[in-house]
Structure formats: C-alpha cells, structure tokens
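Visitor: I have a model open and want to learn how to read it. Where do we begin?

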Amino acid sequence: MGRTPELLIPASSLEVLKTAVIFGADAVYIGGEAFGLRAKAKNFSMKDMGEGIAFAHAHGAKVYVTANILAHNRDLAGVEEYFKELKELHPDALIIADPGVFQIAGRVCPEIERHISTQANNTNYGTYLFWHELRAKRVVSARELSLEEIKEIREHIPEDMEIETFIHGAMCISYSGRCLLSNYFTGRDANQGACTHPCRWKYAVVEETRPGEYMPVYENERGTYIFNSKDLCMIEHIPELLEAGIDSLKIEGRMKTALYVATVARTYRKAIDDYQKDPELYRKNMPWYLEQISNCTYRQFTKGFFFGKPDENSQIYDNNTYVKEYTYLGIVGEKNAEGLYRIEQRNKFSVGETIEVMKPNGENLSVTVRRIVNEDGVEQESAPHPKQVLYLDLGVEMEKYDILRRQEPEQPKAALS
C-alpha cells in the first residue's frame, strides 16, 4: 500500500491554523511577516506563530515555516536575524528555495529541518541527491512531474529522504511558479512574495499595425483566460499517490479562508484514512469526497501533470461553469453560562435562517438560527457586521472549532480576476 503519508495543509492566520489541525492536518505550513512567497496573505506575527506552533504540537501536528523567497543581497542580513527569532519558537521545519538562505538556516538553527521549496525547480533525482548531501530532510517536487517520474525519484534516493508533492489547489501557469508577469505589469515580484496573479486576468490581442483594436481571444469559448489553469485535484487518486512513494501530500492555498481549509483538510483526511483502512471503503465513499471537495472552489479541476503533460482541454480554465458555493459564517467558540456559543461572525445571517454546522468528523448538521445575542447581551435579528462577536443558539450541541456555513443557490460564475 506504500508509505504512510502526511497531510500538509496551508494556514493564513492563527485561526486557520487551529482549524486545519482540528479538521485533520498532520502538519501545517505558514508564513511569517517576511521572506515567504505570500506577501498578500495575512501571515503570522512572531506571537501568533509561537501560539500556533504550541497549539499544533499539543494536538500532535507539526508546523513548517516558509522562507522561500529568491533572496537578493539586501535580504541576507534580515534572513539571519529572522532565523534567530524563529529558532526560539521551535518550528518543525523551514521551507527554503534559495541556496544562500539554506546555508544561513543551517548555520543559525541547524536543529530545525530544512525542506526545499518547489520554487527550486526539483525535477529529477539528481537534484534530490544534491540537497540530501547538503542535509536537507525533504524536497518538494516540481508540479510538472508525473507520478512515474516521482516513483523513479523515490527509487534513486535514500529511504530517509522525503518527497512532498502538491495534490490539490491552484496551479501556476509558469514553470514551478517562476513567473515574471506580475513584476512586468505591476512592479510586484512573484519571486519576492508579492504576486498579483495577472494569470487570472482577461486578455485580448492587439495587432502591431492596428493599435487600439482589441481582439478577444476565443477558442470555442475556451482560452479567453489564456494563462489560467484549472485547479489541481487528486482526491480520486490517493492509491497512486501513495504507491509512488510520496511522504507528504500538500494542499495549496495559504491565502484561503478557514472554511476552505476545513473542507479540504476534512475531505482528504477521510479519503486517506478510508483507503488505509480498506481500499473498498475508499472507493465506496468517492461520491462523498467529490461532493465535499466541489464545495470549496470556483474553478474546474485538473489532474495536472501526474498522468502526463496536460493539453488545453485538461488544463485551461473554462469559465462557463456552475458552482455550489458555501458562505463562511464563523467558527464556533466557547459555550457561555447561558448555553450560547461564541462566534466571531464573518458574513451576514439572520434569526430563522437555516445554516449548517460543519464538524471535523464529516457530519454536516442543518440547523435553524434561534437566537443571536451581542456582547452586551442585546438580542439581534441579524448579524450584519463582519468580525462582530456574537453568541448563538442553534438548537444543537456543538464543539469548539466547528465551522458555520450557509449553502447558496447554484449560479453561473465569471472567472476570477
């Protein structure tokens, strides 16, 4: 059946980290306020990072910190100071792309594992062996690799060298994420953590001798978004992933909400556990996995490069789709003396409305909002203000970290830009 895999989930904030752990992550990867590749994410202060690492460790999970920018001279002194601070927090690993940054980490905090980011373009077993000799514990495979190539890498590297592979989430159209579009259009460098995602924008063609005449790019309604890939989804191929010798199954999405993270973590957790318990159980539950995973994306899915190079039909995003969208309402907190549950509200809902309680064990409970009470003890008919602290009666017993959500009617979606 292959190796026992780690389920590695992204987190954009302390709240999302806790959600990821409760909903099934074996490990979580996060970014600090510097030197990661998600400058637009909320990211973690040192205080929150320390609390998050302690929470994860208390629940048997690991935390990896991204430091995967491609560093310039001006960055190196700051990297060294940053690693000195991280050393005191005891994360389980640093995710690094740049050899100079890698060497600094080895000197400043040699006790912390070093993992090599996909940004380092890790496409062959020779590269894995190179990093192994430099005492890297793990290498994240390039997204352009097939399962056969990953299997071949496993056959040529030491048993204690770990392979981490993206199995779900947004796909960068450029080779292993090395893209210059954002820098060219906006001056914000994707390789310095400031990508503005211009691959999601809508484009037209202008012929050189006819300036001002914009010709939209159509190809049977495909290709209008000519740089825009479908999202990766390998929920149907857990057996092949494990048999290839992958140690860590990685989810993309370090700018996503707690609802997204809970949905993906819970679904892949159950799929992995079901398969390892009984392959027939995994096959039997496939409709549930597919239905759940479809609740948290705007885009169609692709298998990426795992079964060979994708063509325009299997990878380019077709925006004429319907999605079943869930609106994130909040995370359940402590129960007060009156039996009401605390939440920090995220989107509007009202008394009398039907919503869902999403639980880590796979249950989705349909409930009616009976009461909404604010911090001053005043009853409210609705919860219109984001991040307002409220106390709820939903008529059911709940647990801390359950997710509240509302299902929306199916509707056509334009492509995101």
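Guide: We begin in a loop. Asn121 sits in the loop between E5 and H5. Keep in mind that this is a predicted model.

Visitor: What is phi of Asn121 near?

Guide: The general idea first. Most residues other than glycine have a negative phi. Asn121 has a positive phi, near 60°, and is not a glycine.

Visitor: Which loop holds Tyr401?

Guide: Tyr401 belongs to the loop between strand E20 (389-393) and E21. Its phi is also worth a look: Tyr401 is not a glycine, yet the value is positive, about 85°.

Visitor: Is Tyr401 buried or exposed?

Guide: The cut-off for buried is under 20% relative accessible area. Tyr401 has 14% relative accessibility, so it counts as buried.

Visitor: Now a helix. Which residues of H4 are buried?

Guide: Helix H4 covers residues 99-108, and its buried residues are Val101, Phe102, Ile104, Ala105 and Val108. Looking down the axis of H4, these buried residues fall within an arc of 165°, so they line one face of the helix.

Visitor: What do the buried residues of H4 pack against?

Guide: Two helices and two strands are involved: helix H3 (76-87), helix H5 (125-133), strand E4 (93-96) and strand E5 (113-116).

Visitor: Which residue caps the N-terminal end of H4?

Guide: Asp98 does. One of its side-chain oxygens lies 2.8 Å from the backbone nitrogen of Gly100.

Visitor: How should I read a nonpolar core?

Guide: In soluble globular proteins, nonpolar side chains tend to be buried together. Here the largest nonpolar core has 91 residues, and Phe83 and Tyr268 touch the most other members. Helix H9 (residues 258-277) gives the largest share of this core, 11 residues. A second, separate core has 16 residues, including Leu329, Tyr341, Val367 and Ile372.

Visitor: Which residues does Phe83 touch?

Guide: Leave out residues up to four places away in sequence. Phe83 then touches Ala67, Leu94, Ile96, Val101, Ile104, Ala105, Val108 and Cys109. Among these, Val101, Ile104, Ala105 and Val108 are buried residues of H4.

Visitor: Next, a single buried residue. Where is Ala56 found?

Guide: Ala56 is in helix H2 (residues 46-58). With a relative accessible area of 0%, Ala56 is buried. Not counting residues up to four places away in sequence, Ala56 touches Val21, Ala61, Lys62 and Val63. Check Ile22 as well: Ile22 and Ala56 are 34 residues apart along the chain, and their C-alpha atoms are separated by 9.1 Å.

Visitor: And sheets? What is the strand order of the open sheet?

Guide: Strands of a sheet pair through backbone hydrogen bonds, either parallel or antiparallel. This open sheet has eight strands with antiparallel pairing, in the order E17-E16-E21-E14-E15-E20-E18-E19. Strand E17 (364-368) and strand E19 (379-380) are the edge strands, and each pairs on one side only. H9 packs on the sheet and touches E14, strand E16 (354-358), E17 and strand E21 (403-407). The direction of H9 makes about 95° with that of E21.

Visitor: How many bridges pair E16 with E17?

Guide: Five, in the antiparallel sense. Thr354 stands opposite Thr368 in E17. The hairpin of E16 and E17 has five residues between the strands, and there Gly362 takes a positive phi near 105°.

Visitor: How many bridges pair E16 with E21?

Guide: Three, again antiparallel. Val357 has Leu404 in E21 as its bridge partner. E16 is mostly covered, with four of its five residues buried.

Visitor: What joins E14 to E15?

Guide: Two bridges join strand E14 (residues 326-335) to strand E15 (residues 341-344), and the strands run antiparallel. Val332 stands opposite Ile343 in E15.

Visitor: One last residue. Is Arg405 buried or exposed?

Guide: Arg405 lies in strand E21. Its relative accessibility is 1%, so Arg405 counts as buried. The side chain of Arg405 makes a polar contact with the side chain of Asn364, at 3.4 Å. Leaving aside neighbours within four places in sequence, Arg405 has further contacts to inspect, among them Leu259, Thr263, Arg266, Gln292 and Glu356.

Definitions and conventions
Residues numbered from 1 in each chain as written. Predicted model: local features only at pLDDT ≥ 70, side-chain atom pairs only at ≥ 80, totals over all residues. Heavy atoms only, no water. Buried < 20%, exposed > 50% of the residue type's maximum accessible area, 1.4 Å probe, protein only. Arc of directions from axis to C-beta. Contact = heavy atoms within 4.5 Å. Polar contact = N/O pair within 3.5 Å; in protein donor to acceptor, adjacent residues only side chain to side chain. Core = buried A, V, L, I, M, F, W, Y, C linked by side-chain atoms within 4.5 Å. Pairing = 2+ DSSP bridges. Axes fitted to C-alpha atoms, helices over the stretch in contact; angles between N-to-C directions.
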